[in-house]
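Dear colleague,

I am passing on the structure we spoke about, and I would be glad if you could look through it alongside the notes that follow.

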Amino acid sequence: MPNIDRREFLKLVGAGGVSVGAGFMLRESTKHPREYLIPHVVAPEDISSGLSTWYNSVCSMCPAGCGISVRTREGRAKKIEGNLSHPVSQGRLCALGQAGLQALYNPDRLTAPMRRNGEGTFEEITWEQGLKQVGDRLDLLRAAGRGNRVALLTTGVRGHLAQLFESFMRQLGSPRLLHYDYDHPHTLYAANQQFFGEDRLPYYDLQNTRLLLSFGADYLSNWISPVHHSLGFGESRQGPADVRGRFVQIEPRMSISGAAADEWIPARPGTEGILALGLAHHIIAEGNYSGADRDAWMAALADYTADAVAEQTGVPATTITRLADSFVDTAPSLAIGGGSAGNHSNGVDTLVAVNALNYLVGNIGQEGGLVFNPEPAGPALQQHQASYSTMLELAEAAHHGEIDVLIINGTNPVFTLPPTAEFESALAQIPLVVSLSSFLDETTALADVILPSHTYLESWGDDFPEPGVGFSVGAVSQPVVSPLYNTRGTGDIILDLARRMGSSSVMPWQSMEEFLKYGWQRIYQRGDSQTLAQGFDAFWTSVLKAGAWGETKSGNTAFSLNPDVIAGIGVAPPEFSGSEDDYPFILHPYLSPNFHDGRGANLPWMQELPDPMTSIMYGSWVEMNPLTAQQMELSEGDLVDIQSPHGQLRVPVFIYPAIMPNVIAIPIGQGHGEYGRYAKDRGVNPIQILSPQLEPVTGSLASSATRVNVSATGKRVKLVKTGGTSRDLGRNIIQTTGGSGVEVSSVSSNSIPITEVTS
Amino acid sequence: MNVSIVPALKVLRPAAMLVIVVLVGLVLGYWANATFVPGDSPEQPIAFSHKIHAGDNEIPCLYCHTQARRSPSAGVPAVSKCVGCHLEVATEKPQIRLLMGYWENREPIPWIKVHDVPDFVHFTHKRHVLANIECQTCHGPVETMDRIRVTSRAVDGSAQAGQPWKMGLCLSCHRENEVENGTDCWTCHK
């Protein structure tokens with residue numbers, strides 16, 4: 001026996017022990033990794049393991065109100081598609097709608113009620129604590145007759161949730177119920193009110209039109225109902241060149257709709273309405289309008305001759321007359337206006353001018369033109385959203401100490417209002433700010449109490465799309481999964497607060513679901529005898545199953561123009577904030593197709609989705625004409641400081657041939673300071689440097705009316721993008737064919753060639 | 001000069017000892033794992049016996065695995081299904097008490113998966129059940145197993161215990177029975 005000392009022995013024991021363990025693990029590592037089969041405790045009826053269950057519901061990622069079908073397995077949502085039987089989406093859905101799953105499963109969701117403690121940080125509380133704190137305060141204010149010191153600020157909601165908000169605020173005796181979305185088309189509503197006397201949006205029948213003139217409306221990516229417009233666009237583009245619809249886009253920076261159009265015409269920013277009136281003048285002057293009010297029109301439009309308009313807009317007179325002629329000759333035709341064209345100091349007048357164009361060629365109430373929608377079948381509601389000035393009034397009231405409680409639902413004004421509104425400091429003046437948001441966005445981060453709502457995939461609601469599709473449409477938004485976290489439906493929170501302030505006699509419903517059923521009873525009563533014979537429960541089940549309800553009742557078809565309108569027609573030149581000498585560029589902030597007004601920035605799919613026009617992802621950029629960039633000796637990735645009279649941003653340059661040389665464009669959506677790990681500290685928010693220039697009729701923000709200057713910093717970054725070069729480089733990738741008899745427009749100082757600029 | 005290797009051996013001996021101990025340890029650990037922690041028949045949270053249920057009492061497979069005839073996955077019965085019988089049957093046995101513990105706490109039983117195919121295989125029970133293929137054809141004589149064990153069907157048609165399913169085994173059966181599109185890649189890999 002060899003002599004082993006104690007030290008040697010311990011060494012061997014240690015090594016032996018380790019090697020036994022290693023051998024054990026070696027065998028273990030060759031095995032199939034252990035997986036579990038977790039059964040239900042009690043099997044739910046609607047779940048079969050391994051099989052998909054589809055639910056129809058309503059998308060809430062933007063205000064369009066598309067119907068969705070959600071595939072679930074084992075009680076989890078797996079995929080969102082468009083609902084085939086919903087007239088708005090017809091089986092299609094945009095990228096943002098598809099990414100709704102990442103709102104549901106987002107790791108940065110607020111998972112429980114929270115309260116700001118003495119140290120200024122949030123601590124988790126129970127629902128009872130949170131609701132009691134808010135409910136007691138509301139009850140106290142109401143009892144003291146000071147309910148008007150409560151304000152409710154919500155993202156634009158329709159249907160019965162909006163009605164619930166209204167009754168809730170009526171119980172408090174407060175008129176301060178504000179719906180606010182950055183991109184709400186205030187000027188379009190006002191223009192329709194002025195011209196048609198209808199405070200609703202009409203249905204734009206893109207599907208059947210043969211010529212579409214779009215004045216600034218990026219209808220394929222953001223404007224009002226992009227999925228529905230895309231369907232119409234696709235339908236209209238079928239057929240050979242002389243049959244299919246033609247699309248003309250008039251805007252200073254080529255949007256997705258501009259890229260899809262047959263012709264892109266840059267008019268000087270804010271002169272789109274003048275251009276529309278130039279077309280109108282030519283139509284009348286050529287004798288192509290024979291209405292009884294022809295002379296009144298001629299008098300009103302006397303100043304808008306093609307040459308005068310060409311001078312103001314920078315669009316050649318020949319283009320103006322050609323467009324006007326083809327607008328008359330092609331039937332049906334349609335002119336739409338919105339987006340940046342409506343966001344100038346003359347926004348309402350511009351959109352009235354676009355309506356006038358439709359009137360003069362008889363597109364109103366016509367298939368392929370503009371069709372009025374009937375009254376929505378849902379609750380009759382005040383349509384107006386809060387404009388920028390209304391938000392200023394709210395902020396001012398808060399600064400004067402007139403607001404005691406502010407309840408915020410789903411909207412993020414700290415991000416979507418320029419700092420000149422001083423909304424952030426207004427929030428600090430309000431003793432109790434309650435947020436019902438599902439995420440810790442910039443506004444929620446400043447709240448005192450957070451009562452987190454379900455996402456739309458977990459909650460009850462309904463929607464009556466605005467604009468409709470020419471007939472009444474409604475849909476119920478039903479939960480497709482059971483709530484993932486300790487959150488509650490917005491409607492349920494409001495009903496609970498109503499009970500706590502003693503309003504249960506007026507608002508007796510225990511849940512949003514109950515209230516919805518109560519509200520839909522009235523829609524059920526509109527049904528035919530066959531529907532009524534089935535009973536309400538069968539009706540309700542069929543509405544949930546189909547994911548859509550509609551009735552073929554069309555809106556007002558007879559339209560006669562109020563003659564007073566004609567004399568008032570005219571578009572003043574746009575006003576800009578900042579002098580041209582100090583601020584030579586016009587800032588064109590546009591809604592990102594990925595993030596909408598910034599709400600999509602916390603969805604990783606949207607972050608990694610390349611922007612369709614530039615192929616850039618994950619960040620911000622400023623688009624600049626090659627000519628401008630050459631003059632300033634800038635190239636792609638160069639960091640520049642963009643300075644407006646009200647702020648400054650630092651952002652990399654992207655050379656974009658399809659933008660006017662004196663315009664620069666920055667997408668909206670990035671630049672969050674909060675809103676979760678995917679959104680935070682990425683890119684810039686151009687809203688932060690907008691000047692508070694107003695559209696005087698609506699009081700909305702003229703967001704395209706800010707002048708800026710650009711200065712190089714000498715620093716540069718590499719833009720994250722999928723595209724290589726935008727040049728053909730002799731590869732013959734882009735092949736062109738002869739046009740369909742379209743006259744080639746002559747090059748003006750504002751036309752920008754897409755090929756290389758060498759000057 | 002007289003050279004001896006003894007001093008060298010003396011120096012090397014501790015190292016040799018170490019190598020021997022480590023090797024023996026490795027083999028011992030490997031053997032212990034293979035013998036006492038069988039991967040193809042893991043110990044389940046409840047010692048459920050298919051032999052008692054499907055064998056002695058002849059309960060049909062589809063009585064509990066109800067999904068098999070309409071879903072890709074056969075499904076594990078909900079705890080309520082077990083309790084449905086065991087509120088009355090064999091209530092005093094320790095394993096049933098264990099079951100009732102889960103039931104009273106409203107907790108699912110974390111069964112360990114035994115039969116599995118890789119994620120890139122689109123296997124569906126529905127097709128096979130509707131083609132009247134006996135469960136035992138693929139899963140072996142389950143009605144004789146106290147504890148469920150990985151089993152597959154050998155090329156000669158016999159059950160081979162401890163062997164997981166491989167593509168060749170699927171194909172041999174598909175060929176034998178002349179399954180329509182049975183050897184098309186896309187039938188299973190899609």
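Two residues are taken to be in contact if their C-beta atoms, placed from the backbone, lie within 7 Å. Please keep in mind throughout that this is a predicted model.

With that meaning of contact, 22 residues of domain 1 of chain A are in contact with 23 residues of domain 2 of chain A. Domain 1 covers 186-371 and domain 2 covers 585-716, and the centres of these two domains of chain A, taken over C-alpha atoms, are separated by 27 Å. On the side of domain 1 that touches domain 2, the elements that give two or more residues are helix H6 (186-196), helix H8 (256-260) and helix H13 (347-360) of chain A. By class, that side of domain 1 has 9 nonpolar, 12 polar and 1 charged residues.

Turning to the two chains, the contact between them takes 30 residues from chain A and 36 residues from chain B. On the side of chain A, helix H1 (6-29) and strand S1 (36-37) are the elements that give two or more residues, and the largest share, 13 residues, comes from H1(A). Sorted by class, the side of chain A that touches chain B has 15 nonpolar, 9 polar and 6 charged residues. Strand pairing also crosses between the chains, since 2 bridges join S1(A) to strand S1 (residues 111-112) of chain B, and these two strands run antiparallel; within this pair, A:Leu37 stands opposite B:Trp111 of S1(B).

Chain A also has an open sheet of 3 strands in the order S2-S3-S4, with antiparallel pairing. Strand S2 (52-58) and strand S4 (76-82) of chain A each have a single partner strand and stand at the edges, so one side of each is left without a neighbour in the sheet. From one strand to the next, the twist averages 30°. Strand S3 (residues 67-73) of chain A is joined to S4(A) by 6 bridges, and the bridge partner of A:Val70 in S4(A) is A:Ile80.

Finally, there is a helix pair in chain A: the axes of helix H18 (residues 512-525) and helix H20 (residues 536-546) come within 10 Å and cross at roughly 100°, and H18(A) and H20(A) are therefore roughly perpendicular to each other. H18(A) contributes A:Lys517, A:Trp520, A:Gln521 and A:Tyr524 to the contact, while H20(A) contributes A:Phe536, A:Phe539 and A:Trp540. By class, this contact of H18(A) with H20(A) has 5 nonpolar, 1 polar and 1 charged residues.

With best regards

How values were computed. Residues numbered from 1 in each chain as written. Chains lettered and ligands numbered in written order. Predicted model: local features only at pLDDT ≥ 70, side-chain atom pairs only at ≥ 80, totals over all residues. Axes fitted to C-alpha atoms, helices over the stretch in contact; angles between N-to-C directions. Helix = DSSP H or I, 4+ residues; strand = E, 2+ residues; numbered from the N terminus. Parallel < 35°, antiparallel > 145°, perpendicular 65-115°, else oblique. Nonpolar A, V, L, I, M, F, W, Y, C, P; charged D, E, K, R; others polar. Pairing = 2+ DSSP bridges. Domains from an automatic or database assignment.
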